Amino acid sequence: PTWEYRLWRDADLAEAALPPRLAEAFDQAESPAERSDVLRLWLVLQHGGLYVDVDFECFKPLDELFRRFSFITGLSNVGAFELNNGLFAASQDHALLQYLCDHVARPWPEWGEGDVDQREAVAYQ
């Protein structure tokens with residue numbers, strides 16, 4: 001793909017145009033990391049593209065993955081199955097990102113508990 005780099009700063013928040021529910025979650029976040037979690041989902045949903053934390057190093061071009069898949073992420077190394085939000089990419093308006101944005105800050109039992117066998121639901125409960 002043709003790449004455009006964009007660094008979003010606090011001063012750019014108004015331009016991000018978070019919808020009310022996400023803006024509330026952003027404002028109630030307890031740390032900059034939590035605010036970033038909310039914002040990165042919304043920005044990639046709105047614009048499409050790739051989000052990468054600064055502590056990642058790319059060893060190979062990602063172009064072939066973008067040609068083949070509409071959503072890309074890594075797996076975390078936390079001892080449980082967990083999609084990593086430190087590196088992910090999606091096409092604009094991707095359904096999975098819309099789902100995640102719709103469920104940001106909602107309690108786990110409201111949206112995910114029924115989908116996971118409780119014997120396997122070990123991360124962040």
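Begin by selecting Leu45, which, leaving aside its neighbours within four places in sequence, is in contact with Gln92, Asp93, His94, Leu97, Gln98 and Cys101. The model on the screen is a predicted one, and Leu45 belongs to helix H3. Is Leu45 buried or exposed? With a relative accessibility of 0%, Leu45 counts as buried. Now add Leu96 to the selection and compare the two backbone positions: the C-alpha atoms of Leu45 and Leu96 are separated by 9.0 Å, although the two residues stand 51 apart along the chain.

**The whole chain**

Before going further, colour the model by secondary structure. The protein chain comes to six helices and three strands, and reading along the sequence gives the pattern α-α-α-β-α-β-β-α-α. The chain has 125 residues, of which 25% count as buried. If contacts in the chain are restricted to residues at least 6 apart in sequence, 55% of them join residues at least 24 apart.

**The partners of Leu45**

Return to the contact list of Leu45 and select helix H5, residues 95-103. Which residues of H5 are buried? They are Leu97, Cys101 and His103, and Leu97 and Cys101 are also among the residues that Leu45 touches. Just after H5, select Ala105, where the backbone takes a positive phi of about 70°.

Another partner of Leu45 is Asp93, found in the loop between strand S3 and H5. Asp93 has a positive phi of about 60° although it is not a glycine. Its relative accessibility is 52%, and Asp93 therefore counts as exposed, the cut-off for that class being over 50%.

**The sheet**

Next, select the three strands, which form an open sheet in the order S1-S3-S2, with antiparallel pairing. S1 and S2 are the edge strands, each of them pairing on one side only. From one strand to the next, the twist averages 20°.

Start on the S1 side, where S1 (residues 49-52) pairs with S3 (residues 83-90) in the antiparallel sense over four bridges. Two residue pairs can be picked out here: Leu50 stands opposite Ala89 in S3, and Val52 stands opposite Leu87 in S3. With these strands still displayed, bring back H3, which packs on the sheet and touches S1 and S3, its direction making about 20° with that of S3.

Then move to the other edge, where S2 (residues 71-75) and S3 pair in the antiparallel sense over five bridges. Which residue of S3 stands opposite Phe71? It is Ala90.

**Helices H2 and H3**

Hide the strands and keep H3 (residues 32-47), adding H2 (residues 20-28) to the view. Two packed helices are described by the angle between their axes and the distance between the axes. For H2 and H3, the axes come within 8 Å and cross at roughly 155°. That angle makes H2 roughly antiparallel to H3, because angles over 145 degrees are counted in that class. The crossing in which H2 passes H3 is left-handed.

To see the contact itself, show the side chains of Leu22, Ala25 and Phe26 on H2, together with Arg35, Val38, Leu39 and Trp42 on H3. How many of these residues are nonpolar, polar or charged? The contact of H2 with H3 has six nonpolar residues, no polar ones and one charged residue.

**Toward the N terminus**

From H2, step back along the chain to Ala17, which lies in the loop between helix H1 (13-16) and H2. Ala17 has a positive phi of about 55° although it is not a glycine. With a relative accessibility of 48%, Ala17 counts as partly exposed.

The last stop is Asp12, in the segment before H1. Is Asp12 buried or exposed? Asp12 has a relative accessible area of 18% and is therefore buried, since that class takes in residues under 20%. Select Arg6 and Leu7 alongside Asp12 to complete the view: Asp12 touches both, not counting residues up to four places away in sequence.

Technical notes: Residues numbered from 1 in each chain as written. Predicted model: local features only at pLDDT ≥ 70, side-chain atom pairs only at ≥ 80, totals over all residues. Heavy atoms only, no water. Pairing = 2+ DSSP bridges. Buried < 20%, exposed > 50% of the residue type's maximum accessible area, 1.4 Å probe, protein only. Axes fitted to C-alpha atoms, helices over the stretch in contact; angles between N-to-C directions. Parallel < 35°, antiparallel > 145°, perpendicular 65-115°, else oblique. Left-handed = near helix turned anticlockwise from the far one by under 90°. Contact = heavy atoms within 4.5 Å. Nonpolar A, V, L, I, M, F, W, Y, C, P; charged D, E, K, R; others polar.
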